[in-house]
Amino acid sequence: MNNPSLRLHLTITFAILALIPILVLGSIQIFQIKNITNDYNKTQMQTTYRLADAVQTYTYYHRNAVETLATTISASSPPFRTRESMTLKLQSVKNNLPGFSGLFVVNRSGGVSAQFPEAAAGQKPLLGTDLSGRSYFQNVKAAETTTITPLFRGPEGADKPAIAIAVPVYSDQKQWDGLVVGVLDLQEVARLVTKYDYGTDAYPVVLDAEGRAIYHPEAAISDSLTDLSGEPVVQDTKTHDQGQGKYRSGVYRQDELVTYKKIGDLGWTVWVGRSYKAANAAFTDTLQTTIILLVLTLVLTVVVGNLLAKRLNGTIHALVGYTQKLADGIFSVPDKKLASRGAPYELQMLADHFFRMAGQIRENQRALIELNAELENRVADRTQSLSRKNQELEIVNGLLTPIMTRRNAGEFIEDSMAHLRGLIHREVRLRLHPLTVSTSLGRFKDAEATAAPDGASHPNGSALGSGSDSGSDSISGAIVPIQTGGQTLGSIVVGGNADSDSTLTDNDRKFLLTFANTVAIILQNDMLLSSIRHEHATLNAVLESMSDAIVLIDADRHVVYANRRMTEQFGIPMPQLLSMTEEALFSAIAAKLPEPDDEWTAFTRKQRLHAKCKVTGENGKERFISVSAFQVSGDGHSFGRGYVWRDITKEHEVDALKNDLISLASHEFKTPITSIKGGVETLLRPDAVWDEAFKKELLEGIHEDIGRIQDLIDEWLDISKIEAGAMRVNVQPVRVASIVQSAIHRLPQHAGAEHAEFELELDSELPLLKADKLRMEQVLVNLFTNAIRYNQGKPVIRISAESDDSFVHIRVQDNGIGIAPEHADKIFDRFYRVDVSSSRQTGGTGLGLAISKGIIEAHGGRIRVESEPGSGSTFIISVPKFRWEEGHEHEEA
Ligand code: ADP
């Protein structure tokens with residue numbers, strides 16, 4: 001167990017609880033002491049400054065007194081400068097200003113001329129002593145200014161360390177005349193310095209300009225004139241006038257907090273020093289106390305916490321131990337005494353409840369064990385029957401699952417049959433009726449076709465239909481019909497058991513019925529699917545092979561179907577078409593209309609159900625299309641709309657032809673009929689008697705006009721046949737020379753053949769044509785007529801022919817007006833004439849070449865022209881050669 005025990009938990013909690021206030025209070029105290037220490041340091045600084053002021057004032061007063069004395073002496077005339085009078089003056093100063101240990105006057109040669117006080121008994125008097133060697137004497141003599149000496153030892157201070165103030169004295173001629181010296185009483189200075197309270201462990205020091213102690217608490221240092229300028233703090237005063245810091249004291253050999261200040265004009269230094277330890281004593285004391293308190297509290301709380309926890313722990317341990325036993329499955333009677341060892345009342349209650357609960361658990365456990373045993377028995381029974389059901393389900397599932405995996409129905413029935421054999425331990429076979437076998441199951445290798453729709457006639461078994469009687473139990477095999485909707489599709493034949501003679505169980509029989517029903521459903525589905533597929537394929541084939549284009553639009557106005565003709569007709573690729581909306585489709589088609597008219601607009605707005613439009617195709621040719629809209633609906637539900645687009649170019653052309661023919665009739669028939677009518681009316685006049693010659697002339701004119709009408713009618717009939725695709729030719733072996741000769745003879749009188757010259761260049765070796773003799777003559781007559789008609793001089797017509805592997809090419813060359821290249825192709829169109837005005841004179845109808853082209857094409861041949869305006873034209877007709885091996889029979893093309 002990695003988790004800490006309750007006892008440790010409690011102990012730690014107590015310790016934390018106790019530590020928090022101590023830490024908080026200790027921190028506050030440390031903070032306060034720190035502040036107090038800082039204040040204290042500030043106070044030391046101020047005391048130092050005050051001391052410096054006091055020392056400065058003190059020397060200022062004494063210097064002033066000596067200077068006043070010198071002035072007084074300088075002012076007295078020589079007769080009054082007696083020793084007595086000077087001594088009196090010295091005395092007066094000494095008495096008025098305490099602090100001088102002695103005062104004396106020195107004459108210009110250095111001898112002491114007056115002294116106060118007198119030398120004490122046993123002491124060498126100063127009078128007469130030569131002080132000219134003293135540095136202060138030299139200084140004053142040289143500079144004639146007041147000099148304050150550094151600390152020195154001499155008779156002036158009774159051989160004790162002393163400081164003297166020396167001031168020059170002048171004669172009445174204002175000449176330097178010696179000096180007055182006041183020696184300061186250092187005892188007084190010491191009194192001045194020590195009268196301030198510096199605090200515990202603090203001491204003041206006064207140093208002269210050379211670093212000797214004027215006052216030092218260690219008297220020996222002053223007495224011995226020890227030079228303290230080596231002390232670190234004195235070093236600092238050379239660069240700073242005042243300051244505070246931690247310095248090592250050479251005298252006390254300890255770290256001190258020192259505050260110092262330099263007295264400017266004197267060059268003296270005062271400092272107050274205090275042991276660093278003392279300065280920080282309060283702070284370290286508090287810290288120590290806090291730490292000790294912390295440790296004490298810690299120990300105390302650990303002990304107290306431990307004791308408290310121990311009391312709780314006993315009971316809890318007992319409970320833990322007991323639960324452990326329970327967990328291990330040992331249900332012994334709990335020891336009640338465990339809980340009563342000084343534990344709190346609540347814990348005892350808890351233990352009591354717990355023990356009672358444990359008792360109940362023990363009871364329940366026993367009951368549960370019994371129940372469990374009973375359940376186990378029941379589960380064993382159920383498991384057995386479930387495993388059987390599971391196997392059955394697996395087999396049925398096997399039948400159904402492949403519907404998703406798209407496996408062949410035969411394959412999965414076969415799989416399931418294999419499982420079925422395993423389940424009932426018998427041979428199982430499937431017999432299907434020929435109708436069923438013809439579906440996709442035809443490939444099912446286990447199936448055997450049977451002619452008998454009724455399985456009950458099986459000699460070795462009994463039928464297991466819904467009405468089967470229980471007597472069949474004694475028979476080992478069975479035949480189960482596969483039925484659906486009253487139709488028997490086949491049967492499942494169950495063989496006898498080879499290993500044992502056991503009969504089919506109830507479960508086996510029930511499951512066989514379920515199996516047969518499922519197989520029936522699958523077979524029916526499969527049959528339905530095949531027939532739907534077949535129907536779909538048929539419908540699709542019908543739609544795809546339609547010559548009309550069809551497009552279907554769903555209720556959301558999206559294209560859902562379009563046949564191939566639709567993509568061909570409008571040149572829109574299928575994928576693009578199937579992603580279009582109805583609107584997009586109409587605008588795509590409108591883009592192909594040269595001029596979308598009102599009829600089209602009304603159609604796209606669904607105001608009309610039919611429309612006709614002209615479309616420009618890929619090759620730039622115009623085609624005419626009629627479109628009809630229809631509703632797609634069934635079972636009272638509308639699925640959308642459909643559009644059928646029919647190419648009516650042909651019909652349109654036929655219409656145009658009819659119109660052309662009608663106008664031809666009205667134009668061309670009018671003249672001959674009028675002339676016939678005139679001739680006949682003349683002959684029929686009752687009042688006139690015509691001679692025979694005139695009558696003959698009139699009748700010949702009528703005859704010619706009738707012939708002309710007949711020709712027109714023939715042309716009309718021919719072109720109608722050609723347009724309707726009904727031009728038939730009666731082919732036979734024909735010689736070129738023979739049809740050329742016949743054609744020349746057939747040329748009508750009015751053609752002007754008598755003026756024309758024919759040059760025939762026909763090889764006698766030329767192959768025979770496979771052609772309709774009369775029709776070929778008609779073509780040649782037509783070409784000859786044109787050659788004469790479109791000729792402004794004497795017509796010369798040269799006819800030649802040559803052959804290749806399959807064709808004979810007949811060339812009809814004239815010396816006529818020729819045809820410009822832009823007309824060369826069009827002259828074969830019906831009613832096309834190069835020069836309409838001239839043809840009116842020449843009497844052409846524009847049908848001759850169109851008919852010729854129709855006749856030659858009906859032969860499987862070709863007609864073309866080579867021409868240049870002014871240099872004649874050559875028409876070349878290519879007609880198939882006759883082949884003997886094709887037989888002599890007359891073919892109709
Ligand atoms: P048409 O009855 O006007 O002769 P065709 O179909 O026979 O009708 O001829 C069509 C047009 O071709 C004529 O109108 C004429 O302009 C031109 N054409 C036909 N044959 C010749 C030719 N040999 N020389 C010049 N132009 C010709």
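In the predicted model, a polar backbone atom of Thr845 lies 2.8 Å from an oxygen atom of the ligand, and the protein buries 97% of the 530 Å² that the ligand exposes when taken alone. Two further residues place polar atoms beside ligand oxygen: an N or O atom in the side chain of Tyr790 is found 2.8 Å from an oxygen atom of the ligand, while for Val834 a backbone N or O atom stands at 3.3 Å from such an atom.

Around the ligand there are 20 residues, of which Asn786, Tyr790, Asp814, Thr845 and Leu849 come nearest. By class, this shell comprises 10 nonpolar, seven polar and three charged residues. At least two residues of the shell are supplied by each of α21 (773–789), α24 (848–858) and β28 (873–880), and the greatest contribution, three residues, is that of α21.

A separate description applies to the second largest pocket, which holds about 770 Å³ of space and has a lining of 33 residues, with Ser101, Gly157, Ala158, Lys160 and Pro161 lying nearest its centre. Two or more lining residues are given by each of the strands β1 (100–106), β2 (112–116), β5 (161–170), β6 (176–184) and β8 (213–215), as well as by the helices α4 (186–194) and α5 (219–223). Of the elements involved, β1 provides the largest share of the lining, amounting to four residues. The lining of the second largest pocket is made up of 18 nonpolar, eight polar and seven charged residues.

Key
Residues numbered from 1 in each chain as written. Predicted model: local features only at pLDDT ≥ 70, side-chain atom pairs only at ≥ 80, totals over all residues. Heavy atoms only, no water. 1 Å grid on protein atoms, 1.4 Å probe; cavity = no way out; pocket = protein on both sides within 12 Å on 5 of 7 lines; lining within 4 Å. Points joined across faces, edges and corners; volume = space filled by probe spheres on them. Nonpolar A, V, L, I, M, F, W, Y, C, P; charged D, E, K, R; others polar. Near = heavy atom within 4 Å. Polar contact = N/O pair within 3.5 Å; in protein donor to acceptor, adjacent residues only side chain to side chain. Areas by Shrake-Rupley, 256 points an atom, 1.4 Å probe, with all protein chains shown as cover.
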